[in-house]
Amino acid sequence: MPDVPLNTPTPQKIYLKDYTPPSFHVDNIDLTIQLYQDNAKVTATLNMTRKTAGDLVLLGRELQLESIHLNGQLLTENDYQLDSEQLVIKNAPDTCIINTVVTIVPQKNTSLEGLYQAGEGEDKMFVTQCEPEGFRKITFYPDRPDVLATFTTRIEADKKFPTLLANGNLIDKGDLDDNRHFAVWQDPTKKPSYLFACVMADLAVLTDHYTTIEGRDVLLELYAKPKNIEQCHVGMQALKDSMKWDEDNYGRAYDLDRYMIVAVSQFNMGAMENKGLNIFNTACVLSSPETTTDRRNFNVKAVIAHEYFHNWTGNRITCRDWFQLCLKEGFTVFRDQSFSADLHSPAVQRIDDVAVLKAHQFAEDASPLAHPPRPDHFVEINNFYTATVYEKGAEIVRMIANTLGKEKFRQGTDEYFRRYDGQAVTVEDLLSALSVSGTNVEQFLDWYTQPATPVVSGYWLKDDKNLTIHLAQKIRKVANYPEPKNLPIPVKTAIFNRQTGELVKEDLLLLTQSEQDFTFENLFNEHDFEPVISLLRDFSAPVILQFNYSDDDLAFLAEHETNGFNRWQAVQSLVNKILLNNQSSTAYLTALANSIPSLANSDAMLASRLLDLPSERELGSVIQQNYDPDFVKQQRDKTKQKVANHLKDFWQTAYTQLPIQDYQDTAKAMGERAWRNTVLDMVLCVNDGGANLDTASQWTTEQYHKATCMTERYGALVGAVQYNLPNKAELLADFYQRFKHDDLVMDMWFGVQASDESASVADIFALTEHGDFDINTPNRVRAVLGGLLSQPTKLWTNDGLVRYLDMMVVLDKRNPLLASRLLQGLSNWQTLVDDKKAMAKALLNDYQAKFESKNVKETLQNMLNVE
Ligand code: TRP
Ligand code: ZN
């Protein structure tokens with residue numbers, strides 16, 4: 001039998017327009033995975049049926065083929081063609097039973113794709129990650145999402161791995177010779193191979209039950225290392241809440257008798273929705289008050305919901321091909337965002353979602369990596385799990401949902417589930433089902449197929465009777481894409497009376513032309529008033545708004561808008577005028593002084609968000625040319641200083657009025673903790689020649705030691721580090737001692753030092769030499785490199801870039817997916833000021849030859865815009 005073949009084909013671009021259905025379907029697959037000390041043997045039996053003319057194609061990568069039988073006949077090398085990507089059988093009969101035996105080496109698989117070993121020694125476990133193309137690293141298979149089959153999986157392993165899991169129901173288990181055992185799992189639902197999963201490990205389990213609206217009793221199991229099992233309760237509750245929420249809001253019930261979640265420390269992304277057996281990055285499932293900040297605790301609930309919601313949007317209805325990725329991801333992100341909004345404050349949820357959208361997706365759309373939510377070509381699909389596919393994808397579904405209204409949207413989603421259950425479909429199919437109510441939303445397709453963020457500009461005019469709002473849209477032409485078309489842009493609008501502060505009118509304007517007038521007739525008939533317009537409430541479309549708001553308008557909206565999101569938006573607009581246009585800060589400071597104190601009492605969480613300054617990185621992504629990181633940092637620091645000094649006495653009083661309270665996981669308590677940390681940050685920032693610093697230091701130290709939960713303790717630690725307090729080293733050492741056995745807290749310990757303003761590039765990279773640094777744990781790598789990314793003044797230096805890129809070279813060989821994603825962090829290099837731009841370009845060019853993976857090569861090539 002041939003060894004692993006050498007003739008590697010050069011990476012090719014794959015086009016959406018070339019889609020053809022598979023020539024063979026798989027009715028069912030019997031899979032046996034025998035795990036041994038140094039490798040694993042995988043035996044697969046595929047029942048295949050011909051659907052169209054063509055070759056029988058089995059995809060496989062890094063597999064050592066031991067034998068292959070077709071309908072009972074052993075095949076020889078002459079019977080098939082094998083290269084490093086696939087095995088092809090020409091002239092195969094119409095029904096085929098294919099049996100293959102392969103050897104794989106999960107112990108040496110550092111890519112965290114396919115079956116891999118996670119952890120060492122006592123912690124060692126084996127898990128799979130198959131989406132999008134990992135299954136072909138386990139066995140030969142038509143590994144594409146439009147091939148749906150039922151799976152029976154037998155796992156055999158040493159008894160030191162008592163936990164043997166796969167998708168579906170456990171139908172058999174027992175002992176084998178040599179201290180080994182086995183388990184057989186059967187998944188009754190047809191699924192694509194990317195949803196396959198199995199686990200061999202030694203884990204503790206937290207169990208619970210949920211009875212569905214259809215009366216099904218579902219066993220819920222959350223698996224984690226024994227020392228972490230107590231951190232699984234939040235996730236378990238979130239799972240039950242999600243199951244209920246999907247029943248209440250979409251009429252969707254769970255369809256198997258068992259739902260399992262497994263926590264693993266080495267994982268490339270957040271989590272994976274494998275049918276009935278989700279696998280989670282520990283960072284997205286473990287949570288306890290002592291070790292987890294409120295933000296991460298909240299994220300845990302959101303990710304649990306996201307993966308659960310995939311059971312309908314993704315698993316039961318899946319994607320025809322990977323170009324349709326946003327069909328499942330965009331829709332599912334929209335669903336988890338809606339769930340989160342119901343869980344605490346809709347306004348704050350929207351603020352947080354939009355902040356992420358602007359910081360990541362708008363940046364991507366403005367960069368050489370810009371692509372449509374549904375791309376039309378790719379080299380490596382892993383490179384397209386992007387903010388555009390996920391976050392912009394979610395925005396499109398949100399626009400459609402708002403355009404249809406609650407009832408019609410529900411009618412549309414009901415129709416989608418009715419029509420396509422059990423199928424692999426396209427974005428067009430979704431839009432056609434959502435149009436069932438008679439309101440046609442197929443016009444939103446263009447949002448899926450073209451890149452770039454639309455710019456909406458406008459102004460308003462008034463006469464004796466009428467108010468007219470004039471809006472225009474403009475979309476940047478992206479190289480290699482056709483001339484952009486106008487898009488349907490829903491603009492949620494409100495009109496206020498400036499004198500009384502009252503809300504006079506609300507409406508949803510739909511901008512579809514390049515320019516349009518919207519007239520509110522007879523608005524001033526009864527009595528005349530001076531209007532203040534508020535546009536894009538709740539961020540009703542993912543666009544950049546350029547409206548001629550005066551400072552007074554924005555200050556008015558910061559105080560009087562009834563839409564919490566637009567209050568925040570108004571303040572952000574004022575900040576951006578200062579940070580980006582160098583305008584005076586008077587209006588901003590006044591607006592804060594007028595709104596913050598009362599808001600702090602009524603909605604502490606929103607108050608803390610109003611004080612958000614866009615991060616340096618986010619500001620960098622807004623500036624389209626001559627971006628000077630040092631100038632941006634100066635402006636930002638100066639502005640923050642002004643806010644701190646302007647309300648100096650208020651911060652002092654506010655902090656003393658906020659005693660530390662016992663931990664509660666409620667929206668109110670979370671708001672108060674966020675607010676306390678914001679106020680502490682302000683107290684620390686006040687610059688009055690040192691008089692204040694002693695108190696501030698003392699408060700910080702006290703908060704650190706008296707903290708009842710991680711949000712408080714970490715808030716204090718960040719303050720001590722960022723403001724370089726005298727006891728900074730002492731607190732960092734204390735934090736290390738307290739939490740050195742908790743990986744996720746250690747990630748925070750690395751992270752806070754990597755984002756320390758007083759750390760040099762050398763200091764940051766010294767962290768990678770620390771005994772607890774681990775190149776095999778993506779969370780740890782991201783903790784350190786993320787710190788540098790958050791400091792553009794250091795990233796965009798020769799030293800910063802060289803060291804960052806050197807790290808990419810190391811990762812490129814071990815974990816291409818991670819390397820490529822981290823490299824995307826440099827994508828806005830083209831907007832830098834000339835000398836920095838030239839330096840970045842030269843370095844990026846130099847490094848091109850050092851990369852091997854198609855993931856990194858494609859990303860770098862796109863970044864350099866070389867075709
Ligand atoms: N489908 C997963 C989700 O969004 C994410 C995912 C895609 C993933 N590819 C992955 C997770 C690779 C881990 C590794 O829920
Ligand atoms: Zn997802």
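**Figure 1. Tyr-250 is a buried residue of this predicted model**. Tyr-250 has 5% relative accessibility and therefore counts as buried (buried means under 20% relative accessible area, exposed over 50%, and partly exposed in between, with a 1.4 Å probe and protein chains only). Phe-331, with a relative accessible area of 1%, is buried as well. The structure holds 40 aromatic pairs; rings of Phe, Tyr and Trp (its six-membered ring) pair if their centres lie within 6.5 Å, and planes under 30 degrees apart count as stacked, over 60 as edge-to-face and the rest as tilted. In the pair of Tyr-250 and Phe-331, the ring centres are 6.2 Å apart and the planes stand at 65 degrees, so this pair is edge-to-face. Because Tyr-250 belongs to helix H1 (residues 233-250) and Phe-331 to helix H3, the pair ties together parts that are 81 residues apart in sequence. Helices (H or I, at least four residues) and strands (E, at least two) are DSSP runs, numbered from the N terminus.

**Figure 2. Phe-650 and Trp-675 form a tilted aromatic pair**. The ring centres of Phe-650 and Trp-675 lie 6.3 Å apart and the ring planes are at 50 degrees, so the pair is classed as tilted. Phe-650 is in helix H14 (residues 648-656) and Trp-675 in helix H15 (residues 667-685), so parts that are 25 residues apart in sequence are tied together. Phe-650 is partly exposed, at 23% relative accessibility, whereas Trp-675 is buried, with a relative accessible area of 4%.

**Figure 3. Two arginine residues place their charged ends over aromatic rings**. A charge sits over a ring if NZ of Lys or CZ of Arg is within 6 Å of the ring centre and within 35 degrees of the ring normal. The charged end of Arg-252 is 4.6 Å from the centre of the Trp-312 ring. For Arg-713, the ring beneath the charged end is that of Tyr-704, with its centre 5.5 Å away.

**Figure 4. Ligand 1 is surrounded by 14 residues**. A residue is near a molecule if one of its heavy atoms lies within 4 Å of it. The closest residues are Glu-131, Glu-273, Glu-307, Glu-329 and Tyr-390. A side-chain N or O atom of Glu-131 is 2.5 Å from a nitrogen atom of ligand 1, and a polar side-chain atom of Glu-273 is 2.8 Å from a nitrogen atom of the ligand. Of the accessible area of 370 Å² that ligand 1 has on its own, the protein covers 97% (Shrake-Rupley method with a 1.4 Å probe). Strand S20 (271-272), helix H2 (294-309) and helix H3 (325-343) each give two or more residues to the shell.

**Figure 5. A cis peptide bond joins Glu-131 and Pro-132**. Omega of this bond is about -5 degrees. Pro-132 is placed in the loop between strand S11 (125-129) and strand S12 (149-158). Most peptide bonds are trans.

**Figure 6. Glu-62 and Asn-91 have positive phi values**. Phi is about 55 degrees in Glu-62 and near 50 degrees in Asn-91. Glu-62 lies in the loop between strand S4 (56-59) and strand S5 (64-70), and at 55% relative accessibility Glu-62 counts as exposed. Asn-91 occupies the loop between strand S8 (86-89) and strand S9 (95-104) and is exposed, at 75% relative accessibility.

**Notes to all figures.** Residues are numbered from 1 along each chain as its sequence is written, and chains are lettered from A and ligands numbered from 1 in the order in which they are written. In this predicted model, local features need pLDDT of at least 70, side-chain atom pairs count only at pLDDT 80 or more, and totals for chains, interfaces and linings use all residues, while side-chain values use heavy atoms, with hydrogens and water left out.

Technical notes: Polar contact = N/O pair within 3.5 Å; in protein donor to acceptor, adjacent residues only side chain to side chain.
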